[in-house]
Amino acid sequence: MLDLYNIGKNIEVQKQQLLTAIVQAKQDGLGNEEIIDNIREALPDVMVSYAETVLKQIDFRAKLSRQVIEFNLEFLFQVIYESVIAGTNDEEILSICAEHCTLNQYEFARYALEYIHLNRMPSQWEQNNVYHKMIEIVNISPIESLFEYIESIKNIYLKQIGYEVVQENLYNLFLINKETSYFTDLANKSRDKCIKNYCYRTAVLVARATGKPLDLKLTDDGSILLNEPKYLDRNTGANEITTSQKLTMLQAGKLLVDTLEDFNINAKYIDAKNGPTFNRIRVKLGRGVSYKKVEDIGNDLVQQLGEELGLKFAPMVSVVPGGVVFDIPRLDRQFAYFRDHFTFDSEPDIHSVSIPGGVDVDGTSVKFHSIVTT
C-alpha cells in the first residue's frame, strides 16, 4: 500500500513527499496503475497529474539504465527466422528486441522481419493451404476478392501461386466472352501491378478476338508497357496473358546505365538475361571507374529505380569477366522444378553422384558431383 497519510499541505513539500512515496512503492513492487489508484483516492487531481509525470520519468530512466546485449547479427537473424516459422507475431518479436537489443540491432531486426516474410520458402503444407484458400475465394466471391487476398500476402512464393490462379481465372473469363471493359475495370480495381498487367493483357486478347481496336500500351498511371498478342488460339492465349512486362530488359539496362551516369559513373550497357528468380543486367564500367563506387550506391538505386525495376532491396552487384552485373530479384519469381532438369531414364552411375544445386540465370541446371570410392 502507498503511504499517503503523512503528506503535508504545502504544494512543493507535497510533491517532494509524494516523490519519495512513489519511489518507495516502486521498490516494493507496486505497479503504476495501483500507485495512481491510491493517489487518486487520497489526493487532489493536480497531485495525480504530477504522479503520472513522475512515473513516466522513472520508467524512462529504467529503460535507459537497462543492460543491452551486443548480439551477433547472424545469430539474431536465425532466432528471428525461427520465431517467424514458429508463428510468433511481428509485434511480439520487435517488443523483445526493443527490450534486449541495441538501437542498431533493433533496426536490423525490423529489416530482417521484412526480408524473411518476403523471401522465405513456405512449406508445401502452407503452399497447399494458400492455394485452396484462393480457390475457395474465387468459388464463392468475385475475382476482386482474390485480388485483395493476394495483395495482403507478403511472401513472393505465395504471391506467385496467387498469380497463377489469377491467370487461370482470367483466361476462363476470356473464353466465356466477357467484355473488354470488364477486364479494364478489374485492372483499375487492383493495386498489384502484376495483376493489373494480366487484366490489361486479357483485355487486349478480347479486343483482338472481337475485332475492336484497343490502345492499351500503357496503364492508367503510365507505368506498364504492353504489346498486343499475335496469337489467339486456346493453347497460346494463356501464355500471352503472362508474358507482358513493365519494362523490357533492354529498356531496364539502358535506364540503369542512365541512372549510373547521374551518379558520375560512366558505364555502357552490354546485355541482360532473365533467370527464374532474378534478372541480370551486365554493364562495362568506363576507364578509371572503381567497382567500389558502384557497390556503394545500392541503396540509392532502390530510391531512384525502385518503382521502375521493382527494387525493394539494393541489387546484388558483382564483378564478372569483362564487366559488372546487377542481379535484380524478380517480383514474379518462377519455380525451378526438379522434374524439368533431371530424369532417371538411364542407369545411374553409383561411383559418381550428381546433386542438384539449382538453376542459374541462363536456366541451366547446376549440379554438384561427388566421387564415391570403395
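Here are some friendly notes on this predicted model, point by point.

1. Overall make-up. The protein chain holds 15 helices and 6 strands. It runs to 374 residues, and 36% of them count as buried. If you look at contacts in the protein chain with a separation of 6 or more, 57% of them are between residues 24 or more positions apart.

2. The main nonpolar core. The largest nonpolar core has 29 residues, and the members that touch the most others are M134, L146, V166 and L170. Two or more residues each come from α7 (124-140), α8, α9 (156-175), α10 and α11. Helix α9 gives the largest share of this core, with 9 residues. L146 is a good place to start looking: setting aside neighbours within four places in sequence, its contacts are M134, I137, V138, V165 and V166.

3. A second core. Separate from the one above, there is another core of 20 residues. Among its members are V257, I281, I297 and L309.

4. How α10 packs on α11. Two packed helices are described by the angle between their axes and the distance between the axes. For α10 and helix α11 (residues 193-210), the axes come within 8 Å and cross at roughly 170°. An angle over 145 degrees counts as roughly antiparallel, and α10 and α11 are therefore roughly antiparallel to each other. On the α10 side, the residues in this contact are T180, F183, T184, L186, A187 and N188. They meet K196, C199, Y200, T202, A203, V206 and A207 of α11. Sorted by class, the contact has 8 nonpolar, 4 polar and 1 charged residues.

5. L205 in α11. This leucine sits in helix α11. L205 counts as buried because its relative accessibility is 0%, where the limit is under 20%. Its C-alpha atom is 8.6 Å from that of T180, although the two residues are 25 apart along the chain.

6. Salt bridges in general. How many salt bridges does the model have? The count comes to 10. The next three points take some of them in turn, and you may like to have the side chains displayed as you read.

7. A bridge within one helix. E107 and R110 form a salt bridge, with their closest N and O atoms 2.7 Å apart. Both residues belong to helix α6 (residues 103-119), where they are 3 residues apart, about one turn of the helix. E107 is partly exposed because its relative accessible area is 30%, and R110 is also partly exposed, at 38% relative accessibility.

8. A buried bridge. Are the partners R120 and E126 buried or exposed? Both R120 and E126 are buried. Their side chains meet in a salt bridge, at 2.8 Å from N to O.

9. A bridge between helices, and a network. The side chains of K189 and E144 also meet in a salt bridge, here at 3.1 Å from N to O. This pair links distant parts of the chain, since K189 is in helix α10 (residues 180-189) and E144 in helix α8 (residues 143-151), 45 residues apart. K189 counts as exposed because its relative accessibility is 52%, while E144 is partly exposed, with a relative accessible area of 21%. Elsewhere, D37, R40 and E52 are joined into one network by salt bridges that share partners.

10. Positive phi at N177. The phi of N177 is near 65°, which is a positive value in a residue other than glycine. N177 is found in the loop between α9 and α10. With a relative accessibility of 66%, N177 counts as exposed, because the limit is over 50%.

11. Positive phi at N264. Another asparagine deserves a look for its backbone: N264 has a phi near 60°, again a positive value in a residue other than glycine. Where does N264 lie? Its place is the loop between α13 (249-262) and β1 (267-274). N264 is exposed, with a relative accessible area of 62%.

Definitions and conventions. Residues numbered from 1 in each chain as written. Predicted model: local features only at pLDDT ≥ 70, side-chain atom pairs only at ≥ 80, totals over all residues. Heavy atoms only, no water. Salt bridge = Lys/Arg side-chain N within 4 Å of Asp/Glu carboxyl O. Helix = DSSP H or I, 4+ residues; strand = E, 2+ residues; numbered from the N terminus. Buried < 20%, exposed > 50% of the residue type's maximum accessible area, 1.4 Å probe, protein only. Axes fitted to C-alpha atoms, helices over the stretch in contact; angles between N-to-C directions. Parallel < 35°, antiparallel > 145°, perpendicular 65-115°, else oblique. Contact = heavy atoms within 4.5 Å. Nonpolar A, V, L, I, M, F, W, Y, C, P; charged D, E, K, R; others polar. Core = buried A, V, L, I, M, F, W, Y, C linked by side-chain atoms within 4.5 Å.
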